[in-house]
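Look at the model below with its chains coloured separately. The text after it goes through the arrangement of the chains and then two points of backbone geometry.

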2 protein chains.
Amino acid sequence: MNLPSKVLETAVNELSQFPGIGKKTALRMVIHLMKQPEEAVGSLAKAIINLKTNLQFCVTCHNVSETDECDICKSVNRNKRVICVVKDFQDCISIESTGQYNGTYHVLNGLVSPLDGIGPEDINISSLLRRVIDNETDEVILALSATMEGDTTAFYISKKLKDSPVKITQISRGISIGGELEFADEITLGRSLIGRVQVG
Amino acid sequence: MNLPSKVLETAVNELSQFPGIGKKTALRMVIHLMKQPEEAVGSLAKAIINLKTNLQFCVTCHNVSETDECDICKSVNRNKRVICVVKDFQDCISIESTGQYNGTYHVLNGLVSPLDGIGPEDINISSLLRRVIDNETDEVILALSATMEGDTTAFYISKKLKDSPVKITQISRGISIGGELEFADEITLGRSLIGRVQVG
């Protein structure tokens with residue numbers, strides 16, 4: 001692309017570094033920005049910088065937070081005796097939006113993946129184990145993805161906690177709500193048969 | 001979406017104002033930014049602000065430029081006696097990338113569109129007419145889109161310039177290179193028949 005100005009070119013290059021955004025989309029974004037008032041562009045730039053300067057990770061659960069301890073860990077309305085273990089903070093957002101959970105979280109910031117050279121010491125597992133031992137914990141819910149990495153991580157955590165009295169659970173896996181049996185893959189369907197629950 | 005922090009929420013809202021970018025994509029972009037080093041995020045923010053502070057429009061052709069007069073208008077290698085009239089500066093980028101054009105441009109910044117209340121006085125037509133009259137101009141190439149608005153604008157400009165000795169041309173319309181006849185719409189095909197050129 002032959003851009004008429006270095007300023008344009010820099011902006012297009014910067015924006016096309018986002019995943020899934022190519023040069024053409026970046027140019028469309030730049031054109032959109034050029035049509036905005038100066039204040040709007042300034043507030044976008046500020047919001048972007050704030051991400052790095054005003055955000056940190058909660059010392060307890062490693063969720064993103066604006067303070068040392070995140071709002072969920074600080075809240076008196078959350079059940080501190082239940083810890084839901086998730087891969088990253090996006091999973092916290094997903095679980096929070098269900099409105100079905102009132103405990104706390106522990107963000108691993110990754111999953112054990114021997115193939116990628118990620119071991120248990122590379123993610124926030126030791127702080128989880130310390131948290132479970134140091135505080136009165138009733139239940140650890142493993143809300144990890146149904147992949148080899150998720151299963152490996154879940155297995156590792158369960159093994160490490162097997163001598164403690166804490167209850168370890170895993171989110172249920174099976175057919176999606178609204179999902180048709182005929183479209184479910186055989187592994188999911190097999191698992192949902194094995195994991196069947198009594199209803200009557 | 002329940003975001004765990006106001007800073008995150010602001011950034012997601014700002015980014016989702018881009019056309020075609022929803023909250024989920026904006027969140028993905030924010031997560032990408034959070035993983036970048038502080039300098040990278042700073043340089044993105046700076047590139048965005050520069051768009052408003054360091055870019056202006058060329059006084060001659062209205063193309064985007066970092067100086068009063070754009071690089072094309074300043075260049076001694078471009079033929080100043082040929083002016084290609086385009087709708088916006090993106091069209092300049094498209095034509096420049098063909099490598100087939102060595103003249104100058106005139107960016108109208110819109111097209112005459114009575115239905116949208118845009119008249120000839122709302123776009124850069126008067127400066128084009130002045131340019132053609134004040135300077136020695138051999139040819140005005142109308143490179144406008146093949147729509148009602150493009151045709152209306154082209155007709156208006158041709159009419160205004162009909163008493164001047166300048167040659168007025170229009171980019172050819174017809175079947176795209178590599179296009180199959182059976183997939184061309186009937187209007188394009190009809191026009192390409194009318195606009196046939198002798199080859200032997």
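What follows treats the symmetry first and single residues afterwards. The model is predicted.

Two copies of a chain are related by a rotation about an axis and a shift along it. Here, chain B is superposed on chain A by a rotation of 179° with 0.0 Å of shift along the axis, and the RMSD is 0.1 Å. That is the relation of a two-fold axis. In chain B, the C-alpha nearest this axis belongs to B:Ala45, at 2.3 Å from it. The interface fits this picture: 100% of the interface residues of chain B are also interface residues in chain A, so the copies meet through the same surface.

The second topic is the backbone. Most residues other than glycine have a negative phi. A:His62 is not a glycine, yet its phi is positive, at about 70°. A:His62 sits in the loop of chain A between β1 (56-57) and β2 (64-65). Is this loop residue buried or exposed? A residue counts as buried if 20 or more other C-beta atoms lie within 10 Å of its own. A:His62 has 22 other C-beta atoms within 10 Å and is therefore buried.

In chain B, B:Asn109 also has a positive phi without being glycine, with a value near 65°. B:Asn109 is found in the loop between β4 (103-107) and α6 (126-134) of chain B. B:Asn109 has 15 C-beta neighbours inside 10 Å, so it counts as partly exposed, whereas A:His62 is buried.

Definitions and conventions. Residues are numbered from 1 along each chain as its sequence is written. Chains are lettered from A and ligands numbered from 1 in the order in which they are written. This is a predicted model: local features need pLDDT of at least 70, side-chain atom pairs count only at pLDDT 80 or more; totals for chains, interfaces and linings use all residues. Copies are superposed by least squares on the C-alpha atoms of residues with pLDDT of at least 70 in both. Two residues are in contact if their C-beta atoms, placed from the backbone, lie within 7 Å. Helices (H or I, at least four residues) and strands (E, at least two) are DSSP runs, numbered from the N terminus. A residue is buried if 20 or more other C-beta atoms lie within 10 Å of its own, exposed if 12 or fewer, and partly exposed in between; C-beta atoms are placed from the backbone.
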